[in-house]
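User: I am new to this structure and would like to go through it step by step. Could you look at it with me and take my questions in turn?

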Amino acid sequence: MTPFTPDVVAAIMRHMNGDHADDCRVICQGLGGRPDATAATMSGMDAAGMDFVATVDGAPVPVRIPFRAPLTERRQVRAEAARMYRESCAVLGLTPRPDAT
């Protein structure tokens with residue numbers, strides 16, 4: 001059971017895909033095991049993780065990234081997304097943006 005209603009998930013997806021599209025790609029490359037992804041969009045989420053669709057060789061590929069622990073509140077999503085981005089940057093040898101906290 002997810003604590004996130006469909007409207008909350010839709011708002012988070014709009015934000016991630018609108019403001020953090022490149023971060024979605026980095027997350028799929030670093031933590032999603034898809035270093036060959038050329039793009040990615042967030043496609044959903046629940047209390048246990050985020051779902052993405054990565055573009056690999058021109059084709060859509062589903063990618064699931066688990067959260068460190070199940071989330072119970074909306075405010076936790078930002079911190080987990082930032083953690084996933086920072087950890088992905090570390091895996092890929094990239095320097096994360098300074099505002100990714």
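Analyst: Gladly, and please keep in mind that this is a predicted model. A good place to begin is the largest pocket, where the most to the lining comes from helix H3, which gives 5 residues.

User: Which residues lie nearest the centre of the largest pocket?

Analyst: The largest pocket holds about 340 Å³ of space. Helix H1 (6-19), helix H2 (21-30) and helix H3 (75-92) are the elements that give two or more residues to its lining. Of the 17 residues that line this pocket, those nearest its centre are His15, Met16, His20, Arg78 and Ala81.

User: How many residues in the lining of the largest pocket are nonpolar?

Analyst: The lining of the largest pocket can be divided by class, and this gives 3 polar and 5 charged residues. The remaining class in that lining is the nonpolar one, with a count of 9.

User: What term describes how H2 is set relative to H3?

Analyst: The axes of H2 and H3 lie 8 Å apart, and the two helices pack at an angle of about 60 degrees. Because an angle is called roughly parallel under 35 degrees and roughly perpendicular from 65 to 115, the orientation of H2 to H3 is oblique.

User: Is the crossing of H2 and H3 left-handed or right-handed?

Analyst: Handedness is a separate matter from the angle at which the helices pack. Where H2 passes H3, the crossing is left-handed.

User: Is aspartate 57 buried or exposed?

Analyst: Aspartate 57 sits in the loop that runs between strand E2 (49-56) and strand E3 (59-66). Its phi is near 50 degrees, a positive value in a residue other than glycine. The relative accessibility of aspartate 57 is 74%, and since the exposed class begins over 50%, aspartate 57 counts as exposed.

User: Is valine 9 buried or exposed?

Analyst: Valine 9 belongs to helix H1, and its C-alpha lies 9.3 Å from that of serine 43, although the two are 34 residues apart in sequence. The relative accessible area of valine 9 is 11%, and because the limit for this class is under 20%, valine 9 is buried.

User: How far apart in space are alanine 39 and threonine 55, C-alpha to C-alpha?

Analyst: Alanine 39 is part of strand E1, which spans residues 37-46, and with a relative accessible area of 32% alanine 39 is partly exposed. Along the sequence, alanine 39 and threonine 55 are 16 residues apart, while in space their C-alpha atoms are separated by 5.2 Å.

User: What distance separates the C-alpha atoms of alanine 79 and alanine 100?

Analyst: Alanine 79 lies in helix H3, where it counts as partly exposed at 48% relative accessibility. Alanine 100 is 21 residues from alanine 79 along the chain, and the distance between their C-alpha atoms is 9.1 Å.

Key:
Residues numbered from 1 in each chain as written. Predicted model: local features only at pLDDT ≥ 70, side-chain atom pairs only at ≥ 80, totals over all residues. Heavy atoms only, no water. 1 Å grid on protein atoms, 1.4 Å probe; cavity = no way out; pocket = protein on both sides within 12 Å on 5 of 7 lines; lining within 4 Å. Points joined across faces, edges and corners; volume = space filled by probe spheres on them. Helix = DSSP H or I, 4+ residues; strand = E, 2+ residues; numbered from the N terminus. Nonpolar A, V, L, I, M, F, W, Y, C, P; charged D, E, K, R; others polar. Buried < 20%, exposed > 50% of the residue type's maximum accessible area, 1.4 Å probe, protein only. Axes fitted to C-alpha atoms, helices over the stretch in contact; angles between N-to-C directions. Parallel < 35°, antiparallel > 145°, perpendicular 65-115°, else oblique. Left-handed = near helix turned anticlockwise from the far one by under 90°.
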